[in-house]
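Dear colleague,

I am handing over the structure we spoke about, and I would be glad if you looked through it before reading on. My notes on what was found in it follow below.

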Amino acid sequence: MTAPTPVADQILYAPRDAARVLAMSPSTLYALMAAGRIAYVKQGTVRRLRRRDLEAYADNLPGQAAA
């Protein structure tokens, strides 16, 4: 029997898993998806988020300026 793939090693994420990876609530993630701030793919009624899109979102977050 093979072990399940750790969430961080996946290519596609369910919204709840993506929210966990980004350390935010699922409702915040759904709001960002609805606003077009995080890209996702849809197959029928199922939405999935690509790892590269999660990384792009995180990379583009504004940083805190050093004092």
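Two strands are taken as paired if DSSP finds at least two bridges between them. With that in mind, and bearing in mind that this is a predicted model, one can say that Tyr-13 stands opposite Leu-49 in strand E3.

To begin with the overall layout, the protein chain has 67 residues, of which 24% count as buried. Its secondary structure comes to three helices and three strands, and from the N terminus on these elements run β-α-α-β-β-α. Among contacts between residues at least 6 apart in sequence, 44% join residues at least 24 apart.

The sheet is the natural place to go next. It is an open sheet of three strands in the order E1-E3-E2, and the pairing is antiparallel. Strand E1 (12-13) and strand E2 (41-43) stand at the edges with a single partner strand each, so one side of each is left without a neighbour in the sheet. E1 is joined to strand E3 (residues 46-50) by two bridges, and the two run antiparallel; the bridge partner that Leu-12 has in E3 is Arg-50. Helix H3 (residues 51-59) packs on this sheet, where it touches E1 and E3, and its direction makes about 60° with that of E3.

On the other side of the pairing, three bridges join E2 to E3, again in antiparallel fashion, and Lys-42 stands opposite Arg-47 in E3. E2 and E3 form a hairpin with two residues between them, and Gly-44, which is in the turn, has a positive phi of about 70°.

Which residues make up the largest nonpolar core? There are twelve in all, namely Tyr-13, Ala-18, Ala-19, Leu-22, Met-24, Leu-29, Leu-32, Met-33, Ile-38, Leu-49, Leu-54 and Tyr-57. Helix H1 (15-21), helix H2 (26-34) and H3 each supply at least two residues of this core, and the largest share, three residues, comes from H2. As general background, nonpolar side chains in soluble globular proteins tend to be buried together. Leaving aside residues up to four places away in sequence, Leu-49 touches a long list of residues, among them Ile-11, Tyr-13, Ala-18, Leu-29, Met-33, Ile-38, Tyr-40 and Leu-54.

Tyr-40 deserves a paragraph of its own. Its place is in the loop between H2 and E2, and with a relative accessible area of 33% Tyr-40 is partly exposed, because that value falls between the limits of under 20% for buried and over 50% for exposed. Not counting residues up to four places away in sequence, Tyr-40 touches Met-33, Arg-47, Arg-48 and Leu-49. Arg-47 lies over the face of Tyr-40, at 6.0 Å from the ring centre, whereas a search of the whole structure for aromatic pairs finds zero of them. The C-alpha atoms of Tyr-40 and Ala-14 are separated by 9.9 Å, the two residues being 26 residues apart along the chain.

Finally, there is one backbone detail that you may wish to look at. Most residues other than glycine have a negative phi. Ala-23, although it is not a glycine, has a positive phi of about 60°. Is Ala-23 buried or exposed, given its relative accessibility? At 72% Ala-23 counts as exposed, because the limit for that class is over 50%, and Ala-23 lies in the loop between H1 and H2.

With best wishes

Notes
Residues are numbered from 1 along each chain as its sequence is written. This is a predicted model: local features need pLDDT of at least 70, side-chain atom pairs count only at pLDDT 80 or more; totals for chains, interfaces and linings use all residues. Side-chain values use heavy atoms; hydrogens and water are left out. Rings of Phe, Tyr and Trp (its six-membered ring) pair if their centres lie within 6.5 Å; planes under 30 degrees apart count as stacked, over 60 as edge-to-face and the rest as tilted. A charge sits over a ring if NZ of Lys or CZ of Arg is within 6 Å of the ring centre and within 35 degrees of the ring normal. Helices (H or I, at least four residues) and strands (E, at least two) are DSSP runs, numbered from the N terminus. Contact means heavy atoms within 4.5 Å. Axes are lines fitted to C-alpha atoms, for helices over the stretch in contact, and angles run from 0 to 180 degrees between N-to-C directions. A nonpolar core is a set of buried Ala, Val, Leu, Ile, Met, Phe, Trp, Tyr and Cys residues joined through side-chain atoms within 4.5 Å. Buried means under 20% relative accessible area, exposed over 50%, partly exposed in between (1.4 Å probe, protein chains only).
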